[in-house]
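Student: I would like to learn how to read a protein model step by step. Could we look at one together?

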Amino acid sequence: PGVGTGANLGRAGTGVGVGGSKQGVSSSAGESAGMPLLAQGDGEGRDVAESNKFATPKQIVLRIALVVLTGAIAYAAGDNFSYIGSVVGSVGATSLSFILPCLFHSTLFEVTPLQTALNVGTAAIGFVCGAVGLYTTVRSW
């Protein structure tokens, strides 16, 4: 018996099993046609575990470029790097913690009017706090 099957989430074919198991996951179209819910390969006939053993050269170059770019920004900012961190935190942390989860919850699930009001209220508080943090950081810069 799984938790969060399609019946109580409002969408068919969604659910989470208890303790990482695959129990309780059902699909009206996928499993009845003999198709698995989650793909077991990468689309090219390889198993996912086999295809992701090593990073490709393109991925390695991209990762190195991002690390070098971050270091260059930190070096160029010098003593003002704390302000850059504050701006990123004010915008990014409030978006990821307050605004986006409420947006996703309202979009992906059937919500009651009370849940909609709570989502809007939480997102509004997150937006205001992010704006105040951004304003405070920019003003003290």
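Student: Leaving aside its neighbours within four places in sequence, which residues is N119 in contact with?

Tutor: Before answering, keep in mind that this is a predicted model. Once the neighbours within four places in sequence are set aside, N119 is in contact with C102, H105, S106 and V111. With S106 there is also a polar contact, made between the two side chains at 2.8 Å. N119 itself belongs to helix α5, which covers residues 113-140.

Student: Is N119 buried or exposed?

Tutor: A residue is called buried when its relative accessible area is under 20%. N119 counts as buried because its relative accessibility is 11%.

Student: Which residues is S90 in contact with, again leaving aside its neighbours within four places in sequence?

Tutor: S90 lies in helix α4, and its contacts of this kind are with G130, G133, L134 and T137. S90 has a relative accessibility of 12%, so this residue counts as buried too. For the protein chain as a whole, buried residues make up 10% of the 141 residues.

Student: Which residues make the nonpolar surface patch?

Tutor: The patch is made by L96, L100, L103, F104, L108 and F109, and its area is about 560 Å². Take L103 as an example: this residue lies in helix α4, residues 81-108, and is described as partly exposed because its relative accessible area is 47%, a value that falls between the cut-offs of 20% and 50%. As for the surface of the protein chain in total, about 10600 Å² is exposed, and carbon and sulfur atoms supply 68% of that area.

Student: How many helices and strands are there in the protein chain?

Tutor: The protein chain has five helices and zero strands, so that, read from the N terminus, the order of elements is α-α-α-α-α. To see how distant parts of the sequence meet, look at the contacts with a separation of 6 or more, of which 34% join residues 24 or more positions apart.

Student: Where is confidence lowest, and where is it highest?

Tutor: The general caution is that predicted coordinates should not be read in detail where pLDDT is low. Here the lowest confidence is in helix α1, residues 6-9, with a mean of 46, while the highest is in α5, at 95. Over residues 1-32 the pLDDT stays under 50, and for this stretch the model has 44 contacts beyond four places in sequence. The average pLDDT of the protein chain is 77, with 63% of the residues scoring at least 70.

Definitions and conventions. Residues numbered from 1 in each chain as written. Predicted model: local features only at pLDDT ≥ 70, side-chain atom pairs only at ≥ 80, totals over all residues. Heavy atoms only, no water. Patch = residues over 30% accessible without salt bridge, like charges linked within 9 Å, V, L, I, M, F, W, Y side chains within 5 Å. Areas by Shrake-Rupley, 256 points an atom, 1.4 Å probe, with all protein chains shown as cover. Salt bridge = Lys/Arg side-chain N within 4 Å of Asp/Glu carboxyl O. Helix = DSSP H or I, 4+ residues; strand = E, 2+ residues; numbered from the N terminus. Buried < 20%, exposed > 50% of the residue type's maximum accessible area, 1.4 Å probe, protein only. Contact = heavy atoms within 4.5 Å. Polar contact = N/O pair within 3.5 Å; in protein donor to acceptor, adjacent residues only side chain to side chain. pLDDT = per-residue confidence, 0-100.
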